[in-house]
Amino acid sequence: MKALVKARAESGLWMERRPVPEIGPDDVLIRIRQTGICGTDIHIWNWDEWAARTVPVPLITGHEFAGEIVEMGRNVEGLSIGQRCSGEGHLIGKQSRQSRAGKFHLDPATRGIGVNEPGAFAQYLRLPAFNVVPLPDTIDDEIGAILDPLGNAVHTALSFDLVGEDVLITGAGPIGIMAAAVARHVGARHVVITDVNPARLELAASVADVVPVNVASEDLRDVIARLKMKQGFDIGMEMSGNQHALDQMIEAMTMGGRIAMLGIPPGKSPVDWSRIVFKAITIKGVYGREIFETWYKMIALLENGLDVRRVITHRFKVDDFDAGFAAMRSGQSGKVVLDWG
Ligand code: NAD
Ligand code: ZN
C-alpha cells in the first residue's frame, strides 16, 4: 500500500510502499479515504526537537482520518464491513486507575497513532475496534477527517458552561476557529477571537459569527469597552500556545473567570500568578478528546447544524501531499485535507 512515512531522521515525509497491516483479534482494518494534516504532522515533517525526541523512525504518520472498515478481527462485535468511520487516535491502556474509572482520555499510558504507532497517512490503517467511531450518513468523509481537531475544539469549548457568557479565544488556527463556532452554536454571548495573522482572522469571521481582533494592532481593553462588557471575559480558551496570548487573556478575564488551555507553549511560560490568585481564576489543562463523550457530543452538534466546513481551505489528492504540506506550512491555510481515492 501507499503510505506517507517519516523514513529518515531529517526534514520531510516520503511516499513509500508498505505492507498492508495485519490485524489482531480485537482490531479492524480501515481503508482510508480522507485525512487531515495537523500541526503535529508539521512538527514531524520539520523534525523539530519534540519530533526527534518522540517519533520512532521509520513511522507511517498521520492521525486525522475517515475511511471504511474492510476487515474485522474475530472478537470484534457491533461493527460491520463497509461501515464508514473515523476514530480516536489515542491508543489507551486499560490498567490505570483512570481507565478503570472510565476516564480513558486521562490514561497515562496513552500512545498516539502517527506519533508513536503506525498512523493513518496510508491506504490502510489497523485500529483497535474500541477506537472506532462510526460515521452517520450526515457526516461526509472530509468532515470525518477533521473530527480529531474538531474534538479538541469541542472538548475545550465544553469545559465550561458557555450559555450567555463572553468568551475570549486566543489563536485563530483551525482549532481556535472551530472552538469559536462551537461557542457560538451553544449560545455564548460575545465570542472574541484573537490572532496576529490577518488571514486567519478573516477565515475565523467567515466560519463563525465572531469578533476578530488583531492583537498586533488592537488592544483587548478597547474591545471590552466597545462590546460594553463590564469587567472582562467570563471564559477563556487559549489556543495559540503563545505566552503573550495567555498573558493577555489573564489580563482580560473578569473576576472568577475560567480558562481552558489547549495551546501548547514551547517551553516554560512566565505567568503572573498573583493576578490569577486575586482574580480567582480557574485554569483547566485540556488534552485530546474525552473518550468517547467528546465524540458523541461533536457528532450531535454537527447533526444539529454546527457548520465548520469552511475551515477546510485546501483539498489535494494524496500524490500532491507536498503541496498540501506547503499550504499548511505557509500559515495562511485553515485545515488541509488529503484525498486517498
Ligand atoms: P495553529 O498553530 O494553526 O494556530 C495557532 C494560531 O495562534 C496561529 O494562527 C497563530 O498566528 C496564532 N497566534 C500566535 N501568536 C498569537 C498571539 N500572541 N495572540 C493570538 N494568537 C496568536 O494551531 P492549531 O492547530 O489551531 O492548534 C492550536 C493549539 O493547540 C496549538 O498550540 C497546538 O499545539 C495545540 N494542540 C493541543 C492539543 C492538546 O491535546 N492539548 C491538541 C491539538 C493541538
Ligand atoms: Zn491532529
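**Exercise 1.** In this predicted model, determine which helices and strands each supply at least two residues of the shell around ligand 1.

*Solution.* Step 1: the elements that qualify are helix H6 (174–185), strand S12 (191–195) and helix H9 (243–252). Step 2: the greatest contribution comes from H6, with three residues. Step 3: the shell around ligand 1 counts 27 residues, and those that come nearest are Gly171, Gly173, Ser240, Gly241 and Asn242. Step 4: sorted by class, the shell has 14 polar, 11 nonpolar and two charged residues.

**Exercise 2.** State how the protein divides into domains and describe the contact between domain 1 and domain 2.

*Solution.* Step 1: the domain assignment places 2–146 + 308–339 in domain 1 and 159–285 in domain 2. Step 2: between the C-alpha centres of domain 1 and domain 2 there are 29 Å. Step 3: contact, with C-beta atoms within 7 Å, involves eight residues of domain 1 and nine residues of domain 2. Step 4: on the domain 1 side that touches domain 2, four residues are polar, two are nonpolar and two are charged.

**Exercise 3.** Decide how the radius of gyration of the protein compares with the globule rule for 341 residues.

*Solution.* Step 1: the secondary structure consists of 12 helices and 18 strands. Step 2: the radius of gyration is 20 Å, close to the 20 Å from the globule rule, so the protein is as compact as a globular protein of that length. Step 3: along the principal axes, the C-alpha atoms fill a box of roughly 60 × 40 × 35 Å. Step 4: of the 341 residues, 49% are buried. Step 5: among contacts with a separation of 6 or more, 68% join residues 24 or more positions apart.

Key:
Residues numbered from 1 in each chain as written. Chains lettered and ligands numbered in written order. Predicted model: local features only at pLDDT ≥ 70, side-chain atom pairs only at ≥ 80, totals over all residues. Near = placed C-beta within 6 Å. Helix = DSSP H or I, 4+ residues; strand = E, 2+ residues; numbered from the N terminus. Nonpolar A, V, L, I, M, F, W, Y, C, P; charged D, E, K, R; others polar. Domains from an automatic or database assignment. Contact = placed C-beta atoms within 7 Å. Rg over C-alpha atoms; globule rule 2.2 N^0.38 Å. Buried ≥ 20, exposed ≤ 12 C-beta atoms within 10 Å, placed from the backbone.
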